[in-house]
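Colleague: Could you take me through this structure? I would like to begin with the charged pairs and then move on to other features.

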Amino acid sequence: MKATKETLSPTRVKLTVEVPFDELKPSVDAAYRKLARDVRVSGFRPGKVPPRILDQRLGRGTILEEAIHSALPRFYTDAVRQEEVDVLSQPEVDISSFADGAPLVFTAEVDVRPEIALPEYGTVEITVDAAEVTEEQVQAHLTTLRERFAVLGPVERPVQAGDFISLDLTATVDGETVEGADAAGLSYEVGSGDLVEGLDEAITGASEGESRTFQTELLAGEHAGKSAEVTATVRGVKERELPELDDDFATTASEFDSLAELLEDVRASLGQGARLNQLNQARERILDDLIERLDVPVPEAVLDSEVEAREHRLSHELERLGLERAAYLESLGQSEQEYLDELRRLAARALRSQFILDAVINIEQIGVEQGELMEQIIGRAQRAGLSPEVFAQQISQGEGLASIMADTLRGKALTFLLEQVKVVDAEGNAVELDLPRRPEPAVDAADADADAADADAGSAYDADVDDADGDARDDDDDDEVAGGTQVGPTPGV
């Protein structure tokens, strides 16, 4: 067999393969044996029909067609290996010429991984936030902690932001009561904005027993998109009373015996969070920097497949949550076209990130040890709520194990990059990152929320007035690199 490669573009090649008839003959013999089992001829047992009889019954052309069909994947795969083609998609195969006894000549056009010339690592500098803990951050954390242990006390004054009120709601459209949109004794935190648009403005300043009416647009139900007149009646007003910040509070709110110990722990926790934020920023920005530096082309067919895969995952998640696509896009504040454009942009970025990390893996000869792979499998099994044995059995079917391997390799490649480049804060001070001691999947932080949708369920009133709050563009579940479909060799016809 002779194969030649022609580069059509940075991401597409054409293989021309010539196979002597002698190399095709074993497949021709196999085709005769297969058809001899399938064809019933009077006077011959199954599998014992002679080739000359098959030629008479089926024609020599049918035999040769069967032989070529079964042999093409093998010849194509051999050509891919011979020419060292790193394919990304299924090939487009065309038989150029063939005649009985003559060589088989066919071509195969296929998308390939682009060649990437990485820059000198020392020339790359990325900037992250300083890992400093301010007194404002400490106080904000303490305030949040105090709010968890706050008590609500009634007040005799008009409603203010931050109050917790009990209220009744009714709604009408064109004078007709909206069925299911009434609620009595509903508890609500004023200013949270998570119930009905316009409610906070309407009830601020109202006294107990007072009713306020306002207009709002319904976002769900049979009246979705219509303007409704909503009446809110305040039934009670309470304010949150925070506990004193002292040793007693520290004992109640934590395992510490004094406020000083609690403050020390808060500062340590915030410092750890700041260092983790530095690492996440660095993981995102090193890829952004390299994508901007390098011209990394993405095959359109591969990009289309990635977009389709993300769309499929979103549709499945929205269906699971019982959300309509229109309501979901409304929650994002995007039109259908804006969403699709953003989805395509993120998918392209994810693929470029993969290509760059794969180049690092190849150039630096990064590998995965069995122990590292087992750690990944055990960790994912725990997150899935399965035993490692059951999880391993599940991923052994299909490409699950290969996907985990690719994730782990790219995670190590990303960590390697962060060890080589210069990382500074906004003041130009060198930053020492808290790099993981074990490989972590290389997550595309810019698209970290691309695969999970979430929705908050509200009261019965929400069915007609409230919008479903969700986000299907999110943090990775560590099952993907760069948030997307794993691209890799597909040497099959």
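**Charged pairs, core and surface**

Modeller: This is a predicted model. To begin with one charged residue, Arg 344 is partly exposed, with a relative accessible area of 30%.

Colleague: Which residue forms a salt bridge with Arg 344?

Modeller: The partner is Glu 300, and the closest N and O atoms are 2.9 Å apart. Glu 300 belongs to helix α8 and Arg 344 to helix α10, so this pair ties together parts that are 44 residues apart in sequence.

Colleague: How many salt bridges does the structure hold?

Modeller: There are 29 salt bridges in the structure. One of them brings together the side chains of Arg 60 and Asp 100, at 2.8 Å from N to O. Arg 60 is in helix α3 (residues 60-83), while Asp 100 is in the loop between β3 and β4 (104-111), so parts that are 40 residues apart in sequence are tied together.

Colleague: Are Arg 60 and Asp 100 buried or exposed?

Modeller: Each falls in between. Arg 60 counts as partly exposed at 28% relative accessibility, and Asp 100 is partly exposed with a relative accessible area of 46%.

Colleague: Which residues are joined into one network by salt bridges that share partners?

Modeller: The members of that network are Arg 12, Glu 92, Glu 109 and Asp 111. Within it, the side chains of Glu 92 and Arg 12 meet in a salt bridge of 3.5 Å, N to O. Glu 92 is in strand β3 (residues 92-97) and Arg 12 in strand β2 (residues 12-19), so the pair, 80 residues apart, links distant parts of the chain.

Colleague: Is Arg 12 buried or exposed? And what about Glu 92?

Modeller: Arg 12 is buried, since its relative accessible area is 18% and the cut-off for buried is under 20%. Glu 92, by contrast, is exposed, with a relative accessible area of 54%.

Colleague: Turning to the interior, which residues of the largest nonpolar core touch the most other members?

Modeller: They are Ile 116, Leu 118, Ile 286, Ile 356 and Val 360, in a core of 46 residues. Two or more residues of this core come from each of α7, α8 (300-321), α9 (325-332), α10 (336-364) and α13 (400-420).

Colleague: Which element gives the most to this core?

Modeller: That is α10, with 11 residues. As background, nonpolar side chains in soluble globular proteins tend to be buried together.

Colleague: Now the surface. Which residues form the negative patch?

Modeller: The negative surface patch consists of Asp 247, Asp 248, Glu 255, Asp 257, Glu 261, Glu 264 and Asp 265. At least two of its residues are supplied by each of α6 (247-253) and α7 (259-293). The largest share, three residues, comes from α7.

Colleague: Where is Glu 264 placed, and is Glu 264 buried or exposed?

Modeller: Glu 264 is placed in helix α7. Glu 264 is exposed, with a relative accessible area of 59%.

Colleague: One last topic, the backbone. What is the phi of Glu 84, and where is Glu 84 found?

Modeller: The phi of Glu 84 is near 55°, a positive value in a residue other than glycine. Most residues other than glycine have a negative phi. Glu 84 is found in the loop between α3 and β3, and Glu 84 is exposed at 70% relative accessible area.

Colleague: What is the phi of Asp 174?

Modeller: Asp 174 has a positive phi of about 55°, although Asp 174 is not a glycine. The loop between β7 (164-173) and β8 (176-177) holds Asp 174, which is exposed with a relative accessible area of 74%.

Definitions and conventions: Residues are numbered from 1 along each chain as its sequence is written. Side-chain values use heavy atoms; hydrogens and water are left out. Patches are made of residues with over 30% relative accessible area and no salt bridge: like charges are joined within 9 Å, nonpolar side chains (Val, Leu, Ile, Met, Phe, Trp, Tyr) within 5 Å. Accessible areas come from the Shrake-Rupley method with a 1.4 Å probe; for residues, only the protein chains shown count as cover. A salt bridge is a side-chain nitrogen of Lys or Arg within 4 Å of a carboxyl oxygen of Asp or Glu. Lys and Arg count as positive and Asp and Glu as negative; His and the chain ends are not counted. The place of a charge is taken as NZ of Lys, CZ of Arg, CG of Asp or CD of Glu. Helices (H or I, at least four residues) and strands (E, at least two) are DSSP runs, numbered from the N terminus. Buried means under 20% relative accessible area, exposed over 50%, partly exposed in between (1.4 Å probe, protein chains only). A nonpolar core is a set of buried Ala, Val, Leu, Ile, Met, Phe, Trp, Tyr and Cys residues joined through side-chain atoms within 4.5 Å.
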